[in-house]
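Please open the structure in a viewer and keep the sequence panel at hand. The stops below may be followed in order.

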Amino acid sequence: MLKRWMPVLVVDDSMTMCSVMKKILLSLDFDDVEGRQSAADAIEELKRRDYGFVLCDVEMKPVGGAEFVRMMRRDKFLRHVPVILTTGNAALVTEMFNEGDPFLANGFILKPFTANELKAKLAEVLEAAYQKKELLPRNLARLNGFEGA
């Protein structure tokens, strides 16, 4: 089951794609969706507020999506936030897996995607990420009665 009331952060250096992804999330009844156009701005925003998950483009400049996820995983407060990477380049996804670098994103979705495709990916990723109460974002943990999470 998707927790549509959790805040969502969309990260894409294209203002148009950021807007499109926000509209898709809003169509899925996520009513708290923020957008950022750089990895640096996104990290700053993630430190400012708890987010349920991040939807991030792979091919951004100057810091790409894979490096953005590595930055998150090195931060003790951000490492458990689920991240779904987006790209229109299927070959890039294959290349990333073939490099043998441990990949730290929770999932991928190829652009262009429909609302239903994103909904299915979100259900898969969020169910896996939030199986354990200690991985719940602080605001979600409080609402579910898990004090001190």
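Begin with strands E1 and E3, which pair in the parallel sense over four bridges. The model is a predicted one. To find one point of this pairing, select Val8 together with its bridge partner in E3, Phe53.

**The whole chain**

Zoom out and colour by secondary structure. The chain contains six helices and five strands. Followed along the sequence, these elements come in the pattern β-α-β-α-β-α-β-α-β-α-α. Of the 149 residues, 46% count as buried. Among contacts in the chain with a separation of 6 or more, 65% are between residues 24 or more positions apart. If a surface is displayed, about 8100 Å² of the chain is exposed, and carbon and sulfur atoms supply 52% of that area.

**Strand E3**

Select residues 53–57, which form strand E3. Is this strand enclosed or open to the outside? Five of its five residues are buried, so E3 is largely enclosed by the rest of the structure. In a regular strand the side chains alternate between the two faces of the sheet. In E3, one side carries Phe53, Leu55 and Asp57, the other carries Val54 and Cys56, and all of these residues are buried.

Next add strand E4, residues 83–87. E3 and E4 run parallel and are joined by four bridges. Within this pairing, Leu55 stands opposite Ile84 of E4.

**Strands E1 and E2**

Now select residues 8–11, strand E1. Both of its faces are covered: Val8 and Val10 lie on one side, Leu9 and Val11 on the other, and all four are buried. Add E2, residues 33–36. E1 and E2 are parallel and are also joined by four bridges; Leu9 has Glu34 of E2 as its bridge partner.

**The nonpolar cores**

Show side chains for Val11, Leu46, Val54, Cys56, Phe68, Met72 and Leu85. These residues touch the most other members of the largest nonpolar core, which has 24 residues. At least two residues of this core come from each of E1, helix H2 (39–48), E3, helix H3 (65–74), E4 and helix H4 (90–98). A second, separate core holds 20 residues, including Met6, Val10, Ile24 and Leu55.

Centre the view on Val11. Leaving aside residues up to four places away in sequence, which residues does Val11 touch? Among them are Arg36, Ser38, Ala42, Val54, Cys56, Met60 and Phe68.

**Aromatic rings**

Select Phe30 and Phe53. The chain has one aromatic pair. The ring centres of Phe30 and Phe53 are 5.6 Å apart and their planes meet at 80 degrees, so the pair is edge-to-face, the term for planes over 60 degrees apart. Phe30 sits in the loop between helix H1 (15–27) and E2, while Phe53 belongs to E3, 23 residues away. Phe30 is buried at 1% relative accessibility, and Phe53 is likewise buried, with a relative accessible area of 1%.

Then move to Tyr51: Arg49 lies over the face of this ring, at 5.4 Å from the ring centre.

**Residues brought together by the fold**

Select Arg70, in helix H3, together with Leu104. The two are 34 residues apart in sequence, with a C-alpha to C-alpha distance of 6.8 Å. Arg70 is partly exposed, with a relative accessible area of 25%.

Repeat the exercise with Met15 and Gly35. These residues are 20 apart in sequence and 8.8 Å apart in space, C-alpha to C-alpha. Met15 lies in helix H1 and is exposed, with a relative accessible area of 59%.

**Backbone details**

Display the backbone atoms for the last stops. At Lys61 and Pro62, the peptide bond is cis, with omega near -5 degrees; Pro62 lies in the loop between E3 and H3. A cis peptide bond also leads from Lys111 to Pro112, with omega near -5 degrees. Pro112 is in the loop between strand E5 (107–110) and helix H5 (115–129).

Finally, select Asp29, in the loop between H1 and E2. What is the sign of phi at Asp29? Phi is positive, about 75 degrees, although Asp29 is not a glycine. Asp29 counts as exposed, at 55% relative accessibility.

Note on methods. Residues numbered from 1 in each chain as written. Predicted model: local features only at pLDDT ≥ 70, side-chain atom pairs only at ≥ 80, totals over all residues. Heavy atoms only, no water. Buried < 20%, exposed > 50% of the residue type's maximum accessible area, 1.4 Å probe, protein only. Contact = heavy atoms within 4.5 Å. Areas by Shrake-Rupley, 256 points an atom, 1.4 Å probe, with all protein chains shown as cover. Phe/Tyr/Trp six-rings, centres within 6.5 Å; stacked < 30°, edge-to-face > 60°. Lys NZ or Arg CZ within 6 Å of the ring centre and 35° of its normal. Core = buried A, V, L, I, M, F, W, Y, C linked by side-chain atoms within 4.5 Å. Pairing = 2+ DSSP bridges.
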